[in-house]
Amino acid sequence: MMGARAFTSGAVLLLVLGACAESTGNGSDLGGDAADEGGGEGGSDVEAGDGDDAVDDDADLGPDTDDDGEGGEDDGDGDAEDADDDGDADDDGGDAPDDGGPPPRECVDERCGDGLDNDCDGAVDEDCYCLPGEVAPCFTGDPRRRGFGICTDGLMFCEGTGEFGLWSACDGDDPGGDESCDAAALDEDCDGAPNDGCDCSAGDPDLPCGSDEGECRGGTQRCLDGTWSECLDSLGPQPEECNTLDDDCDRTSDEGLFRVCGSDVGACRTGYEVCTGGAWGSCEGGHVASDEVCDDLDNDCDGETDEDVSRPCGISEGRCIAGAETCAAGAFGACEGAVDPIGELCNGVDDDCDTDTDEGLVRTCGTDEGVCVAGTETCVGSTGWGACTGAVFPGTEACDGVLDEDCDGAVDEGCTCISGATRPCGTDEGACVAGNQLCSSGGAWAACTGSVGPAPEECNLIDDDCDAATDEGCDCVTGTTRSCGTDVGECVAGLETCDGAGHWGPCLGGVTPGPEVCDGVDNDCDGGTDEGGVCPLFPPVVTCPGGRTVVVGTPVVLAGSGSDPDGGIVWFAWSVVTRPTGSTANPAPDDAATATFTPDRDGTYTLRLCVTDDELDVSCCTLSITATPSCTPPATPALMTCPTSWDRRPIVEFGALPSGLTYELYKDSDATPYATVATAGQNYLRPPSALAAGGPPPAGTTMTIYLRACRAADPACCAVSAPVTVALIEECTTPIAPTTTNVLFSEYVIDGDGTPCPSDTCEAGEAIEITNLSNCPVTLNGYHFGYQNPTGGAFRWMNFGAADVIPPRGVYVAIRNQAASACSYPFFGPDDPGLFGLEISALAMQGTGLTNGWFANGAGGSSTLRVATGAWVSISGGTTLDIISPYLGTAGACESIGFDAVDQCGNISAVSSPTTVLSPNQLGRLWHPCDAVVAPFPASCR
């Protein structure tokens with residue numbers, strides 16, 4: 001059975017794969033290489049020639065005593081030599097502990113990285129740092145029982161989004177239970193001694209127990225006083241230490257050991273140390289102590305912040321004295337104890353602390369305001385300022401309009417005007433006239449002379465009151481006249497006269513409007529004649545022909561009529577009120593009393609004839625025409641399609657085409673079909689070329705498709721299906737590199753016949769498969785595939801080159817045939833090299849064990865499948881693109897995708913019965929578009 005998974009990113013990724021295989025009930029070895037490395041399906045097959053240990057059957061409850069390197073082979077005959085490790089004839093019963101079990105479990109501080117519950121609190125590696133995304137095995141039971149009997153590991157996951165995370169709870173492990181004394185001797189209490197404490201018979205041969213893997217040492221189980229003892233003289237697994245030894249007896253030394261280093265006090269941060277080669281590495285990722293600075297942080301990581309941090313401030317020169325600033329809460333405080341500089345004073349002291357005294361001290365005296373001129377004073381030392389020299393001082397102000405004689409910043413203050421000056425007075429507005437004023441010698445204005453002032457306003461077109469408005473309050477000029485009324489219709493205009501108060505008098509001499517009467521004249525003088533219903537009027541009369549029933553396509557003459565009782569002219573208008581779906585038929589002409597109408601779809605039409613008279617009154621009537629089909633349309637087929645088409649050639653499924661019909665497929669609003677189906681029995685159609693360019697994934701470009709079912713003998717006799725919608729994905733021709741998100745890695749067995757299998761005469765094969773999940777070609781150039789069994793005794797590989805390109809949404813398959821295989825593999829036959837294509841490898845797999853055995857995938861297997869960069873060097877060479885190690889056929893959750901394909905050579909599966917119908921998880925066919933069609937006809941749509 002194939003193990004596979006989609007790529008995932010993370011610091012460590014450990015997946016248990018092959019989970020879809022059925023459990024075969026294999027027992028677990030007690031530390032040795034007892035897993036069944038053979039059998040492509042996790043059954044009783046062995047991986048001969050792969051360098052693994054000898055055959056383990058499904059009930060193997062002891063260590064691999066046939067290949068332990070300690071001399072001798074347990075032949076199971078009950079000899080004393082076989083039962084006694086020290087080689088003497090004694091059964092050592094006196095030296096063995098009683099069968100009350102091992103000493104109590106020792107609880108110690110939790111150790112990070114070993115996947116065990118060291119402190120006996122039911123949690124594994126709690127509060128231990130890890131790298132987010134990491135996955136690791138774990139065991140919540142007694143560490144001494146890990147890997148024995150039914151006790152199996154679970155998985156824990158590193159959770160978090162920062163640089164480090166914490167381990168989740170251990171999920172899926174089995175810590176064992178009480179011994180059940182079962183016939184299968186499953187060792188339910190996982191102490192290495194199956195059925196210890198259960199009944200036995202005197203003389204029963206001793207049984208080997210325990211494990212010699214790593215630092216563990218096997219022992220002997222004996223029948224003492226009628227019951228089986230514990231595993232005597234054995235040494236079980238211990239928590240892994242950083243010492244290059246396999247303390248936990250899992251065939252790996254110092255694995256996963258990771259511990260915290262440094263401090264989290266203040267600004268310091270803990271890092272981590274990784275055990276390598278029995279020694280702890282340097283502390284990585286932390287932050288160490290530094291000198292304390294003023295930043296509100298504990299830089300020296302002593303538990304105090306900004307302690308004893310200060311700096312000098314100010315200067316010590318002249319009158320100045322330096323002070324100090326002290327740090328508090330990340331900021332320096334005020335300068336304390338300092339005497340600061342001030343501006344230099346005329347006092348014989350260095351006030352600005354620049355080493356000079358009273359330097360350059362000169363100041364002005366007096367003022368430069370008005371006619372005055374300022375002087376200067378110079379500092380003469382400690383005695384003060386000297387006399388003011390070069391100054392002109394203030395005098396008495398005069399009203400001359402020019403000078404500021406008293407030097408107060410104002411000219412002629414207290415004067416209204418300049419003596420002898422003149423200015424206009426009054427106004428020249430309207431009927432008024434302006435005068436003049438003269439300034440006296442004392443600076444005051446005299447009276448206004450020569451002016452004419454305002455008078456009361458009259459209605460005479462003159463501004464008598466000089467307010468810039470003429471005849472305000474007057475409607476007209478006294479004595480003027482104007483016409484009034486109207487000359488429209490029967491009316492005659494009159495005359496109005498302006499009175500002495502400036503208002504218009506009554507309208508005299510005119511003819512005013514009267515009520516409208518039906519006499520053909522405009523009595524109400526509104527420009528209309530006989531309006532308002534004063535004269536009797538009648539709407540037009542319309543008559544429609546009777547309804548008809550005709551065959552579609554038969555012309556119908558519509559003889560309508562209409563007239564105006566008032567004797568005026570009329571206009572005709574034909575229209576279609578209701579019509580069958582898809583019809584475009586209309587009466588012609590549509591503006592005459594008589595028209596012709598030809599129905600183009602079967603169903604009922606409602607037609608209307610409207611007549612409009614010269615008063616724009618409208619009268620209408622309707623009639624119905626029923627059109628019967630010229631034939632009986634075929635049944636409307638239902639369509640089905642995948643909502644996404646990666647090659648822009650969407651498969652449309654429908655019922656098998658009946659004889660005598662044709663199906664026409666249309667896209668969007670095209671007037672002509674893009675394909676026609678005429679072969680009886682055909683039940684799908686895939687267009688030979690792309691229907692459109694498509695759009696970027698995942699949404700693509702949306703297209704609708706519908707189908708017309710027509711009778712071959714009458715192409716016009718058709719039925720139309722409901723449309724379906726499909727998204728077309730754009731074409732990509734530029735090869736891209738494989739990533740953890742655009743490819744999926746798989747492995748599976750191809751069944752064959754011949755016995756025994758696997759062997760040189762077994763006719764079968766197996767394959768690796770890499771599936772392209774993107775819409776661009778993926779090139780494998782510069783990558784390699786590798787396989788290695790747990791012991792490293794068997795390995796296979798193949799290096800990919802420039803020709804190894806996976807088509808978009810296609811599959812790359814490399815088949816490793818058995819040496820004697822005569823099978824043909826129609827499942828992997830010729831295929832479309834384009835989209836949804838299959839690319840068969842032309843490369844030969846290299847390595848050991850090429851003719852015997854499978855990629856080991858049995859229960860308990862821990863072989864490695866890997867795709868990585870560069871050419872093959874070893875199972876760890878290059879950078880991993882994907883790795884499946886280990887993968888188990890008994891995983892708790894199905895994370896694999898796999899199948900057995902059957903051909904004419906037969907079936908060698910040990911755990912399932914393959915069929916020729918592929919189920920949905922059989923990846924190799926999912927990317928072929930025909931797979932979605934049930935019983936496709938024709939059979940191939942590549």
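Two strands count as paired if DSSP finds at least two bridges between them. With that criterion in hand, the tour of this predicted model may begin.

**First stop: the sheet E10-E11-E12**

Select strands E10, E11 and E12, which form an open sheet of three strands in that order, with antiparallel pairing. Strand E10 (258-261) and strand E12 (279-280) are the edge strands, and each pairs on one side only. Next, display E10 together with strand E11 (residues 271-276): the two pair in the antiparallel sense over four bridges. Within this pairing, Cys 261 is found opposite Gly 271 in E11.

**Second stop: a nonpolar surface patch**

Select Tyr 129, Leu 166 and Val 260, which make a nonpolar surface patch of about 230 Å². Leu 166 belongs to strand E5 (residues 165-167). Is Leu 166 buried or partly exposed? Its relative accessibility is 40%, so Leu 166 counts as partly exposed.

**Third stop: the sheet E13-E14-E15**

Proceed to the three strands that form an open sheet in the order E13-E14-E15, again examining the pairing, which is antiparallel. Here the edges are strand E13 (310-313) and strand E15 (331-332), each of which pairs on one side only. E13 and strand E14 (residues 323-328) are joined in the antiparallel sense over four bridges. To inspect one opposed pair, select Arg 311 and find Glu 325 of E14 opposite.

**Fourth stop: the largest nonpolar core**

In soluble globular proteins, nonpolar side chains tend to be buried together. The largest nonpolar core in this model has 20 residues. Which of these residues touch the most other members? They are Leu 558, Trp 574, Phe 597, Leu 607, Leu 609, Leu 623 and Ile 625. At least two residues of this core come from each of strand E24 (556-559), strand E26 (570-578), strand E27 (594-597), strand E28 (603-613) and strand E29 (618-628). Now center the view on Ile 625 and display its contacts. Leaving aside residues up to four places away in sequence, Ile 625 touches Arg 548, Val 550, Val 556, Leu 558, Phe 597, Gly 603, Thr 604 and Tyr 605.

**Fifth stop: salt bridges**

Side chains of opposite charge can pair when their charged atoms come close. A search of the whole structure finds 13 salt bridges, and three of them may be visited in turn.

Select Arg 686 and Asp 647, whose side chains meet in a salt bridge with an N to O distance of 2.1 Å. This pair links distant parts of the chain, 39 residues apart: Arg 686 lies in the loop between strand E35 (684-685) and strand E36 (701-711), and Asp 647 in the loop between strand E31 (644-645) and strand E32 (652-653). Arg 686 is buried at 9% relative accessible area, and Asp 647 is buried at 3%.

Select next Arg 708 and Glu 664, which form a salt bridge through their side chains (3.8 Å, N to O). Distant parts of the chain are linked here too, with Arg 708 in strand E36 and Glu 664 in strand E33 (residues 661-667), 44 residues apart. Arg 708 is partly exposed, at 25% relative accessible area, whereas Glu 664 is buried, at 18%.

Finally, select Asp 142, Arg 144 and Arg 145, which are joined into one network by salt bridges that share partners. Within that network, the side chains of Arg 144 and Asp 142 meet at 2.7 Å, N to O. Arg 144 has a relative accessible area of 24% and is partly exposed; Asp 142, at 11%, is buried.

Methods. Residues are numbered from 1 along each chain as its sequence is written. This is a predicted model: local features need pLDDT of at least 70, side-chain atom pairs count only at pLDDT 80 or more; totals for chains, interfaces and linings use all residues. Side-chain values use heavy atoms; hydrogens and water are left out. A salt bridge is a side-chain nitrogen of Lys or Arg within 4 Å of a carboxyl oxygen of Asp or Glu. Buried means under 20% relative accessible area, exposed over 50%, partly exposed in between (1.4 Å probe, protein chains only). A nonpolar core is a set of buried Ala, Val, Leu, Ile, Met, Phe, Trp, Tyr and Cys residues joined through side-chain atoms within 4.5 Å. Contact means heavy atoms within 4.5 Å. Patches are made of residues with over 30% relative accessible area and no salt bridge: like charges are joined within 9 Å, nonpolar side chains (Val, Leu, Ile, Met, Phe, Trp, Tyr) within 5 Å. Accessible areas come from the Shrake-Rupley method with a 1.4 Å probe; for residues, only the protein chains shown count as cover.
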